[in-house]
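Hi,

Here is the structure I promised to pass on. Have a look at it first, and then read on for what I found.

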Amino acid sequence: MIEQIQPSPGPTGSAALLGVRRPHTPEEAARQFEEILLRQFVQAMTRDLFRASLSGDEAPGWLGSYRDTQRDVLTDVLARHLAEQGRLGIAELLLRQWRQAGHLSANESETNP
């Protein structure tokens, strides 16, 4: 007998790591997308951050088994901070494109991250 797989009710992957919930407004969806995208950028930039040892090449890596956890925490904090600043403008760009494409009405509230 084949068991059917039900879709997951909550977010998965980066969204789950960030504690992202289902957005209720287009503005919230755009901000969440920006934060997840920033997390992917920061994760790529910090991939090798904790791999080098402070004691030389032959010593175990810095913080040993905690390096992945430390990198993930740093990635989350930095991505959230960058998204809150709103300086990249990804969320605003998405909302503008959605309005131009007719997916949102022209009188939708403007974003204020």
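Let me start with one residue: is Arg-21 buried, partly exposed or exposed? Arg-21 turns out to be partly exposed, with a relative accessible area of 45%. Please keep in mind throughout that this is a predicted model.

You'll find Arg-21 in the loop that runs between helix H1 (14-17) and helix H2 (26-45). Leaving aside residues up to four places away in sequence, Arg-21 touches Glu-28 and Gln-32. If you want to check the second of these, Arg-21 and Gln-32 sit 11 residues apart in sequence, and their C-alpha atoms are 8.8 Å apart in space.

Now for the overall picture. The protein chain has 4 helices and 0 strands, so going along the sequence the pattern reads α-α-α-α. Of its 113 residues, 26% are buried. The accessible surface of the chain is about 8400 Å², and carbon and sulfur atoms account for 54% of that. As for contacts with a separation of 6 or more, 56% of them are between residues 24 or more positions apart.On to the salt bridges. How many are there? The count comes to 3, and I'll take them one at a time.

The first on my list joins the side chains of Glu-27 and Arg-99, at 3.8 Å from N to O. Glu-27 belongs to helix H2 and Arg-99 to helix H4 (residues 90-100), so this pair ties together parts that are 72 residues apart in sequence. Glu-27 is buried, at a relative accessible area of 7%. Arg-99 counts as buried too, at 19% relative accessibility, because the cut-off for buried is under 20%.

Next come Arg-80 and Glu-35, whose side chains meet in a salt bridge at 3.3 Å, N to O. Here Arg-80 lies in helix H3 (residues 67-85) and Glu-35 in helix H2, so the pair links parts that are 45 residues apart in sequence. Arg-80 is partly exposed, with a relative accessible area of 31%, whereas Glu-35 is buried at 15%.

That leaves Arg-39 and Asp-76, which form a salt bridge with their closest N and O atoms 2.4 Å apart. Arg-39 is in helix H2 and Asp-76 in helix H3, so this pair ties together parts 37 residues apart in sequence. Both ends count as buried: Arg-39 has 1% relative accessibility, and Asp-76 has 15%.

One more stop, at helix H4. Which of its residues are buried? They are Ile-90, Ala-91, Leu-95 and Arg-99. What covers them includes H2, and H2 is also where Glu-27, the salt-bridge partner of Arg-99, lies. After H4 comes Gly-102, which has a positive phi, near 85°.

If you'd like a quick tour on screen, try Arg-21 in its loop, then the salt bridge between Arg-39 and Asp-76, and then the buried residues of H4.

Cheers

Methods:
Residues are numbered from 1 along each chain as its sequence is written. This is a predicted model: local features need pLDDT of at least 70, side-chain atom pairs count only at pLDDT 80 or more; totals for chains, interfaces and linings use all residues. Side-chain values use heavy atoms; hydrogens and water are left out. Helices (H or I, at least four residues) and strands (E, at least two) are DSSP runs, numbered from the N terminus. Buried means under 20% relative accessible area, exposed over 50%, partly exposed in between (1.4 Å probe, protein chains only). Contact means heavy atoms within 4.5 Å. A salt bridge is a side-chain nitrogen of Lys or Arg within 4 Å of a carboxyl oxygen of Asp or Glu. Accessible areas come from the Shrake-Rupley method with a 1.4 Å probe; for residues, only the protein chains shown count as cover.
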